[in-house]
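Biologist: I would like a close look at a single part of this protein, followed outwards into its surroundings. Please take me through it slowly.

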Amino acid sequence: MKNRKIQFSVLVILAITTLYFLFTNRQGTLKKDLSHFSVSDTALIDKIYLVDQNKSVILLERTQANWKLNKKTFARQETVNLLLKTLANIQVKEPVAKSDRNEIINKLTGSSIKVEIFQKGKLSTTFYGGGPTSDSSGTYMMMEKALTPFIVEMPGYYGYVTPRFTTNENAWKTNLAIDIPADEIYEVTVENNLKKEASVKIKQNNNNLELYSWPGNKKIEQFNENLLKKYLLQFRNKTVKNYIENIPNFIDSLASNLPMFTISVTTRDNENFQIKAYSKSGRGKLNFFGKPLEKDPEIFYIYINNKQFVKETN
């Protein structure tokens, strides 16, 4: 009888211990799921979706060679790398104090960026990135479906990380404007509105170059072939500096002017690329003799494929 009591007591203790560990492990897992903002293996990330309260959207999708931005252009690789580094290294510092919880939740509800991470085609993580802490050393974040916001930090970095999840499309656009190997170019047309006689068309057939006047399309028999070959090399790995925000009145006004020149490129695969260059007003600038300049000689605007303006400097 005594042995049975001992055995029964041992079974009770084992049962209680098992329930305890099951319960605490379940609670620990739940807490981890609701505070685990980092992604340990960013190589598995194939899509990142960002959206803010104004419905501005950034969609980053991994391709074989690079990242695509909003299904229409390539993303700036160094900016994507910074985001991936942030996702790999952010960690929870502490939960927001109960006394501040409602205030922070309201702020996250009103002005946060929703972040969705996809791995191998499946949604793996969703959280909201908010503003900085009072000392700007951390970031307020909250997992989707969670009730508690957290202060998140990144070791070795002082500041808040939400700007790395920006929904400003221009911040993500690649600065690579054109990258066409010379042997893939079929035709180039240069229309120079400042010097009409300098307008030409170049054709390349089986590495044989032909030069034509433009407009008129009259074949030019004598030309420097080496110079034309060097010119075709200029369409490789060309970058731009400053994208111009979408300011309708400014852009419409600029686009309505006659460009200084227009360069149109057609590839062997029948892909078309075009850039137009516009001068900037010389308002407020003087020439060497102290007279007002009509055009600014140091700054001009480039219009790429009739879609995006950039500001360039000489």
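Why does Thr126 count as buried?

Modeller: Thr126 counts as buried because its relative accessibility is 8%, where buried means under 20% relative accessible area, exposed over 50% and partly exposed in between, with a 1.4 Å probe and protein chains only. This is a predicted model, in which local features need pLDDT of at least 70 and side-chain atom pairs count only at pLDDT 80 or more, while totals for chains, interfaces and linings use all residues. Residues are numbered from 1 along each chain as its sequence is written, and side-chain values use heavy atoms, with hydrogens and water left out.

Thr126 belongs to strand 7, strands being DSSP runs of E with at least two residues and helices runs of H or I with at least four, both numbered from the N terminus. If residues up to four places away in sequence are set aside, Thr126 touches Lys114, Val115 and Glu116, and also Met143 and Glu144; contact here means heavy atoms within 4.5 Å.

Strand 7 takes its place in an open sheet of 9 strands, whose order is 4-3-2-1-6-7-8-9-5 and whose pairing is antiparallel. The edges of this sheet are strand 4 (73-74) and strand 5 (91-95), each of which pairs on one side only, and two strands are said to pair if DSSP finds at least two bridges between them. In general, strands of a sheet pair through backbone hydrogen bonds, either parallel or antiparallel.

At the edge formed by strand 5, the partner is strand 9 (residues 150-153), joined to strand 5 by 4 bridges in the antiparallel sense, and within this pairing Glu94 stands opposite Ile151 of strand 9. Two helices also meet the sheet. Helix 2 (residues 77-89) lies across strand 1 (45-51), strand 2 (57-62), strand 3 (67-69), strand 5, strand 6 (113-119), strand 7 and strand 9, and runs at about 95° to strand 1; for such angles, axes are lines fitted to C-alpha atoms, for helices over the stretch in contact, and the angle between N-to-C directions runs from 0 to 180 degrees. Helix 3, which also packs on the sheet, touches strand 7 and strand 8, and its direction makes about 80° with that of strand 8.

Helix 3 covers residues 98-110, and its 13 residues reach 19 Å from the first C-alpha to the last, close to the 18 Å expected at 1.5 Å a residue, the expected span being 1.5 Å times one less than the number of residues. Arg101, Ile104 and Leu108 are buried in helix 3. An α-helix has 3.6 residues a turn, so residues three or four places apart point the same way. The cover over the buried residues of helix 3 includes strand 7 (122-132), the strand of Thr126, together with strand 8 (139-143).

Elsewhere in the sheet, strand 1 and strand 2 pair antiparallel over 5 bridges, with Lys47 having Glu61 of strand 2 as its bridge partner. These two strands form a hairpin with 5 residues between them, and in the turn Lys55 has a positive phi of about 70°. Strand 2 is in turn joined to strand 3 by 3 bridges, again antiparallel, through a hairpin of 4 residues, and there Arg62 is partnered by Trp67 of strand 3.

For a second buried strand residue, one can look to Ile263, in strand 17, which counts as buried because its relative accessibility is 12%. Beyond its neighbours within four places in sequence, Ile263 is in contact with residues including Val188, Thr189, Val190, Tyr231 and Phe273. Strand 17 (residues 261-267) runs antiparallel to strand 11, to which 7 bridges join it, and Asn192 stands opposite Phe261 of strand 17. Strand 11 (residues 185-192) is mostly covered, 6 of its 8 residues being buried, and 4 bridges also join strand 11 to strand 12 (residues 200-205), which runs antiparallel to it, with Lys201 of strand 12 as the bridge partner of Thr189.

To set these parts in the whole, the protein has 6 helices and 20 strands, and buried residues make up 38% of its 314 residues. Of the contacts with a separation of 6 or more, 54% are between residues 24 or more positions apart.
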